[in-house]
Amino acid sequence: MTDAIVRDSNGTPLNDGDSVTLIKDLKVKGTSETIKRGTLVKNIRLNGNPGEIECNTKQVKGLVLKTEFLRKA
């Protein structure tokens, strides 16, 4: 099995446990929450899909974010 390298919007490789910052306001499906641009998300988890990561924020737990909206902090 090949390990796909997960990259943020700038092309920087991401690893488990990294911190990322959102570069765009994102509405969360299924809730009325909006996560604002500049929000720091700590301790991300890679899920095997090179275009997505899993994380928790103060507002929403168990969140999956697309890497095109993230920048490594």
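## Asp18 and the segment before β1

D18 is buried, because its relative accessible area is 15% and the limit for a buried residue is under 20%. The model in which this holds is a predicted one. D18 is placed in the segment before β1. Setting aside residues up to four places away in sequence, D18 touches P13, V41, K42, N43, I44 and K72.

One of these partners, N43, belongs to the loop between β4 (40-41) and β5 (45-46). N43 has a phi near 55°, a positive value in a residue other than glycine. In general, most residues other than glycine have a negative phi.

## Leu14 and its contacts

L14 also lies in the segment before β1, the strand that spans 20-22. With a relative accessibility of 3%, L14 counts as buried. Apart from neighbours within four places in sequence, the contacts of L14 are V6, R7, D8, V20, I44, L46, I53, T67 and K72.

For one of these contacts, L46, a separation is also available: L14 and L46 are 32 residues apart along the chain, and their C-alpha atoms are separated by 8.3 Å. I44 appears among the contacts of L14 and also among the residues touched by D18.

## Lys72 in strand β8

K72 is located in strand β8, which covers residues 70-72. Its relative accessibility is 31%, so K72 counts as partly exposed; that class lies between the limits of 20% and 50%.

Beyond its neighbours within four places in sequence, K72 is in contact with D8, T12, P13, L14, D18, S19 and V20. The list thus includes the two buried residues described above, L14 and D18. K72 and G11 are 61 residues apart in sequence, yet their C-alpha atoms lie 9.5 Å apart in space.

## The chain as a whole

The chain contains eight strands and zero helices. Along the sequence, the elements follow the pattern β-β-β-β-β-β-β-β. Taken along the principal axes, the C-alpha atoms fill a box of roughly 40 × 20 × 15 Å. A compact globule of 73 residues would have a radius of gyration near 11 Å, and the value for this chain, 12 Å, agrees with that.

Of the 73 residues, 30% are buried. The chain exposes about 5000 Å², and carbon and sulfur atoms supply 46% of that area. Where contacts join residues at least 6 apart in sequence, 47% of them link residues at least 24 apart.

## Two exposed loop residues and a buried one

The loop between β6 and β7 holds K58, and T57 lies in this loop between β6 (52-55) and β7 as well. K58 is exposed, with a relative accessible area of 82%, whereas T57 counts as buried at 7% relative accessibility. Leaving aside neighbours within four places in sequence, T57 is in contact with I35, V41 and L63. K58 and L14 are 44 residues apart in sequence, and their C-alpha atoms are 21 Å apart in space.

S32 is found in the loop between β2 and β3 (34-35). A relative accessibility of 74% makes S32 exposed, since the exposed class begins over 50%. S32 and C55 are 23 residues apart along the chain, with their C-alpha atoms separated by 18 Å.

## The largest pocket

A probe the size of a water molecule, rolled over the atoms, shows where empty space is left. The largest pocket holds about 240 Å³ of space. Its lining consists of L26, K27, V28, K29, I35, E52, L63, V64, L65, K66 and F69. By class, seven of the lining residues are nonpolar and four are charged, with no polar residue.

Two strands, β2 (26-27) and β7 (63-66), each supply at least two residues of this lining. Strand β7 gives the most, with four residues. Two of the lining residues, I35 and L63, are also contacts of the buried loop residue T57.

Key. Residues numbered from 1 in each chain as written. Predicted model: local features only at pLDDT ≥ 70, side-chain atom pairs only at ≥ 80, totals over all residues. Heavy atoms only, no water. 1 Å grid on protein atoms, 1.4 Å probe; cavity = no way out; pocket = protein on both sides within 12 Å on 5 of 7 lines; lining within 4 Å. Points joined across faces, edges and corners; volume = space filled by probe spheres on them. Nonpolar A, V, L, I, M, F, W, Y, C, P; charged D, E, K, R; others polar. Buried < 20%, exposed > 50% of the residue type's maximum accessible area, 1.4 Å probe, protein only. Contact = heavy atoms within 4.5 Å. Rg over C-alpha atoms; globule rule 2.2 N^0.38 Å. Areas by Shrake-Rupley, 256 points an atom, 1.4 Å probe, with all protein chains shown as cover.
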